[in-house]
Amino acid sequence: MASTTVQSLQRQHPLQRLPSPSRGFSALVHLLGLASFLGSFKFMHENPNRANEAYGWHFQYLTVIGLTLATLTFAVGLLADMTLSARLFLAKNLLSICSAPMEVLISILYWGLRVIDPHLVVPDWAVIPLHADIGFHAVPSVVLLIDLLLLSPPWTISVLPALGLSTTIAFGYWFWIERCFQYNGWYPYPLLDAAGFEGRIGIFAVSAIVMALSTGTLKWLYGRVNGYGTGTKPQSRPGHIKRNGSI
C-alpha cells in the first residue's frame with residue numbers, strides 16, 4: 001500500500017487534477033490544441049499578405065510568436081504523453097510558464113483593443129475571418145489554461161522572476177519590431193505607429209506588467225481550482241506526514 005502511494009506521488013503532483021503525462025485525456029487535449037495551432041499556420045500560408053514578403057515575416061506579430069511558443073509547448077506535451085517521459089513533462093511545464101501568460105496577454109490586449117477600434121490591431125490590408133481570428137487570438141489561451149488547471153502541477157515562479165521574465169519578453173519584442181521597422185517602414189500593429197516613441201514605451205511597459213499580473217492570476221486561479229496544499233505549517237520532519245497535515 002505504501003509503495004503504491006509513493007509511486008502515485010512520483011507519477012503525479014498531489015494538486016494536479018488529472019493524470020498527465022498520459023495517453024488519454026492529456027494526449028487528446030495536446031493533440032487538439034496542436035491541430036488548431038497548425039491550422040492557424042496553414043491559414044497564413046494559404047492567405048498571403050503584405051507580411052509574407054516583409055522582413056521578419058509574420059514573426060513581427062506577437063500573436064504569431066505566442067502561437068509558435070504555444071505550438072512548441074503542446075508538441076513537447078504530446079511527446080511526453082506518448083512516451084510517458086517525466087523529463088519532457090517537466091520541459092512542457094517550464095515552457096508553459098512563459099507561453100500561458102503570454103497568450104493570456106495577447107487575448108486581453110487584442111480583444112480589448114478590437115472592441116475599442118479594430119483598426120488599432122488589424123491593418124486595412126489584413127483580412128481575418130472570424131474562425132481564423134478565434135484560432136489566432138482565443139484558442140491558444142483557452143487550451144493552455146485547460147492544460148495548466150487540469151494537467152499540470154502548480155507553478156513555483158514568484159512575483160519578481162515573473163516580472164523579470166515579462167519585462168525581458170516585452171522589451172525584447174520592442175527591439176525586434178524596431179529592427180523590422182528599419183527594413184519594412186511599417187509596424188505590425190497600427191497602434192504602435194500611431195502611439196509614437198513615448199507611447200510605445202508606455203505600451204510595452206504596461207504589457208510587461210499585465211503579463212506578470214496574468215502569471216500571478218493564473219497561479220491564484222490554479223489554487224482556487226485545485227487547492228493550495230497543506231493548510232498547516234510543518235511541525236516535524238517532512239517525512240512525518242500525519243503530523244504535517246494532509247494534502
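**Exercise 1. Serine 152**

Does serine 152 count as buried or exposed, judged by its relative accessibility? Work out the answer in this predicted model, and then describe the surroundings of the residue.

*Solution.* Begin with the place of serine 152, which is in the loop between helix H6 (139–151) and H7. Next, take the relative accessibility, which is 1% for this residue, and set it beside the cut-off, since buried means under 20%. Serine 152 therefore counts as buried. Now turn to the polar partners: the side chain of serine 152 makes a polar contact of 3.0 Å with the side chain of lysine 92, and a polar atom of the serine 152 side chain lies 2.9 Å from the backbone oxygen of aspartate 147. Finally, when neighbours within four places in sequence are left aside, the residues in contact with serine 152 are Gln16, Phe89, Lys92, Asn93, Asp147 and Tyr222.

**Exercise 2. Two further residues**

Determine for leucine 120 and for aspartate 133 whether the residue is buried, partly exposed or exposed, and list what each one touches.

*Solution.* Leucine 120 sits in the loop between H4 and H5, and its relative accessible area is 22%. Because partly exposed covers the range between under 20% and over 50%, leucine 120 is partly exposed. Beyond its neighbours within four places in sequence, leucine 120 is in contact with Leu113, Tyr189, Pro190 and Leu191. A distance can be added for leucine 192, which is 72 residues from leucine 120 in sequence, while their C-alpha atoms are 8.4 Å apart in space.

Aspartate 133, in turn, belongs to helix H5, and with a relative accessible area of 2% it is buried. The side chain of aspartate 133 is joined to that of tyrosine 110 by a polar contact of 2.7 Å. With neighbours within four places in sequence left aside, the contacts of aspartate 133 are Tyr110, Trp111, Arg114, Ile128 and Ala138.

**Exercise 3. The largest cavity and the largest pocket**

Describe the volume and the lining of the largest cavity and of the largest pocket.

*Solution.* For the cavity, note that the structure holds one of 30 Å³ or more, and that the largest cavity has a volume of about 270 Å³. It is lined by 19 residues, and those closest to its centre are Asn49, His58, Tyr61, Ile128 and Phe136. Helix H2 (25–46), helix H3 (62–83) and helix H5 (130–137) each give at least two residues to this lining, which by class contains 14 nonpolar, five polar and no charged residues.

For the pocket, the volume of the largest one is about 380 Å³. Among its 24 lining residues, Leu62, Leu109, Tyr189, Ile203 and Ser207 are the closest to the centre. Two or more lining residues come from each of H3, helix H4 (86–116), helix H7 (159–184) and helix H8 (190–226), and the largest share, nine residues, is supplied by H8. By class, the lining of the largest pocket has 20 nonpolar, four polar and no charged residues.

**Exercise 4. Annotated spans**

Find where UniProt places the feature "transmembrane region", and examine two of the spans in the model.

*Solution.* The unreviewed UniProt entry places this feature at residues 21–41, 61–82, 94–113, 125–150, 157–177 and 197–218. In the model, residues 21–41 are 81% helix and 0% strand, with end C-alpha atoms 26 Å apart. For residues 125–150, the corresponding values are 77% helix and 0% strand, and the end C-alpha atoms lie 40 Å apart.

Methods:
Residues numbered from 1 in each chain as written. Predicted model: local features only at pLDDT ≥ 70, side-chain atom pairs only at ≥ 80, totals over all residues. Heavy atoms only, no water. UniProt positions renumbered as here; feature names shortened; annotations may be inferred. Helix = DSSP H or I, 4+ residues; strand = E, 2+ residues; numbered from the N terminus. 1 Å grid on protein atoms, 1.4 Å probe; cavity = no way out; pocket = protein on both sides within 12 Å on 5 of 7 lines; lining within 4 Å. Points joined across faces, edges and corners; volume = space filled by probe spheres on them. Nonpolar A, V, L, I, M, F, W, Y, C, P; charged D, E, K, R; others polar. Buried < 20%, exposed > 50% of the residue type's maximum accessible area, 1.4 Å probe, protein only. Polar contact = N/O pair within 3.5 Å; in protein donor to acceptor, adjacent residues only side chain to side chain. Contact = heavy atoms within 4.5 Å.
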